[in-house]
Amino acid sequence: MATIKRVEIQYRGIFQKNLAKYLGSDIVLIASRMGQTGFSNGRYSDSPERNGIPCKYFAFVSPDLDEEELEAECGAKLDIDEANISVVLDDTMVKGVEPWGWHGIRPINEKVVAGGTMLVVSRRQPEELLKWVERKPFSWNLAILQGDASFAGLWVNKDDLTRERVLGALAAIDPALISIEAVEGYLRDKTHDERRVQAARAAYDEVRGKQRPVAAGEGIRWPYPIPELPKWNQFREGIVVQAVPRHFEIGPNGQSRNEQFKRFTTRTQRPVVRFDLCTKCQLCWYDCPDECFDPTPDGLYDVNYEYCVGCGRCAEVCPVEECIVMVDELEFEDNKSPWEHYKRDKAGYIAWAEQKKGNRRVWYPFVTGTGMEYREGRHVPEGERKAAHRPDGARSVQGQGVVVEDPVPTGPGD
Ligand code: SF4
Ligand code: SF4
């Protein structure tokens, strides 16, 4: 029987699209240098243009089949049934991905076969990732490549060597798929840049022999139901977009939203709000592109985490220092209302928010090739409102932001 090795590359739409696409074609071109046949294609969930949506590219490699045979076996499919290696370019996707638009959340390791490997770009320990990952009835492997979720999407190319490093890591996992020598030769010929070759070799050394075996039964029972996709004969004629009945009331989840459009799996970070610092200026409520803020009876703005896509806009526009801070999605267990937590236990909520925020503030510099940067956050005592400092002029610590001078503006609730 012919051998086909299947690699899936799981990435976030827009942000990582080019990175994933390049990796798919790199694998094929490197495998072909080793005398193998390769084929790459891609698919997406919902629109590939949407920020943060979990999407996939694939690479198929065979030492036996010719090109037409391989394409006949692996082409024209929207998803694969099994993956020998699954590459995850953003570790927050371990909480689950939606491979069929918004029809159900599936485990990140769903396609990994017995003895297969999931390679995650992450700075976390295997145990921190496995607490989100579905258990399997067989053993498999987890490999971690140290790094951050690299932005190399449609609009930007964060040339931070993640591409080269993933290729080196793949060579460490399965040298028969692509060998490190073939990776180095490919990168040298293609780029004439020894730095890229060295990055691949360093990743190879980092991952080789360090896969974490995951035993059968290790992981979690998957909490989400298996999605049932509509059959072709259930589609209605034309395009039908179900309207959402209009409704608004003050309080958490008070405004009507489309139940089919909970997009939290697109999120790498979520906003943590220090309600005690809020001046009720309304800027977050006005500016959130997904209308995730619900006005509350006390004039504050609750975040609906089921709908928040983690774009960071609210943190950019909030004029108060440390009032809204974007925090890594893997720090959170659920999507419950933060305002209800605050009202129930003010001191407890502030302590919780500070613990989640920690000291590190992610900053995305606008210079390619530099990756992410971190700055130190500040613990602000309860109720101590100060105008947000924008240390680099027009940029906030979250990205491009608004420079707001003292005094801190207040909204109608004050
Ligand atoms: S990060 Fe803020 S602005 Fe963006 S979707 Fe979430 S709540 Fe809205
Ligand atoms: S200060 Fe303004 S932008 Fe910040 S949380 Fe309060 S209402 Fe939103």
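This passage walks through a predicted model, from its sheet to its helices and then to its two ligands.

A good place to start is the sheet. Seven strands build an open sheet with mixed pairing, and their order across the sheet is β2-β3-β1-β4-β5-β6-β7. The two edges are formed by β2, covering residues 37–43, and β7, covering residues 212–214, each of which pairs on one side only. On average, and with direction ignored, neighbouring strands in this sheet are turned by 20° against each other. Strands of a sheet pair through backbone hydrogen bonds, in either a parallel or an antiparallel manner. One of the pairings joins strand β5 (residues 112–122) to strand β6 (residues 140–146), where six bridges link the two in the parallel sense. Within the model, V121 stands opposite L145 of β6.

Helices also pack on this sheet. Helix α1 touches β1 (5–12), β2, β3 (54–62) and β4 (83–88), and its direction makes about 165° with that of β2. Helix α2, made up of residues 67–74, lies across β2 and β3 and runs at about 30° to β2.

The next part of the picture is how helices meet one another. Two packed helices are described by the angle between their axes and by the distance between those axes. Helix α1 takes part in a contact with helix α4 (residues 162–173), in which the axes come within 10 Å and cross at roughly 40°. That angle makes α1 oblique to α4, and the crossing is right-handed. On the α1 side the contact is made by L19, Y22, L23, D26 and I27, while α4 contributes T162, R163, V166, L167 and L170. Sorted by class, the residues of this α1 and α4 contact are seven nonpolar, one polar and two charged.

Helix α1 (residues 17–33) also packs with helix α5 (residues 180–191), at an angle of about 110° and with the axes 9 Å apart. The helices α1 and α5 are therefore roughly perpendicular to each other. Here, too, the crossing is right-handed as α1 passes α5. The residues that make the contact are L29, I30 and R33 from α1, together with A182, V183, G185 and Y186 from α5. Five of the residues in the contact of α1 with α5 are nonpolar, one is polar and one is charged.

Helix α5 has a further partner in helix α6 (residues 194–207). These two helices pack at an angle of about 160°, and their axes are 8 Å apart, which makes α5 roughly antiparallel to α6. The passage of α5 over α6 is a right-handed crossing. From α5, the contact draws on I180, V183, E184, L187, R188 and T191, and from α6 on R196, V197, A200, R201 and Y204. In the contact of α5 with α6, six residues are nonpolar, one is polar and four are charged. V183 of α5 thus appears in the contact with α1 and again in the contact with α6.

The tour ends with the ligands. Ligand 1 is surrounded by P271, C288, D290, C292, V303, C308, V309, G310, C311, G312, R313 and C314. The shell around ligand 1 divides by class into eight nonpolar, two polar and two charged residues. Around ligand 2 there are 14 residues, of which C278, C281, L283, C284 and C318 are the closest. The shell of ligand 2 consists of 11 nonpolar, two polar and one charged residues.

Methods: Residues numbered from 1 in each chain as written. Chains lettered and ligands numbered in written order. Predicted model: local features only at pLDDT ≥ 70, side-chain atom pairs only at ≥ 80, totals over all residues. Near = placed C-beta within 6 Å. Nonpolar A, V, L, I, M, F, W, Y, C, P; charged D, E, K, R; others polar. Axes fitted to C-alpha atoms, helices over the stretch in contact; angles between N-to-C directions. Helix = DSSP H or I, 4+ residues; strand = E, 2+ residues; numbered from the N terminus. Parallel < 35°, antiparallel > 145°, perpendicular 65-115°, else oblique. Left-handed = near helix turned anticlockwise from the far one by under 90°. Contact = placed C-beta atoms within 7 Å. Pairing = 2+ DSSP bridges.
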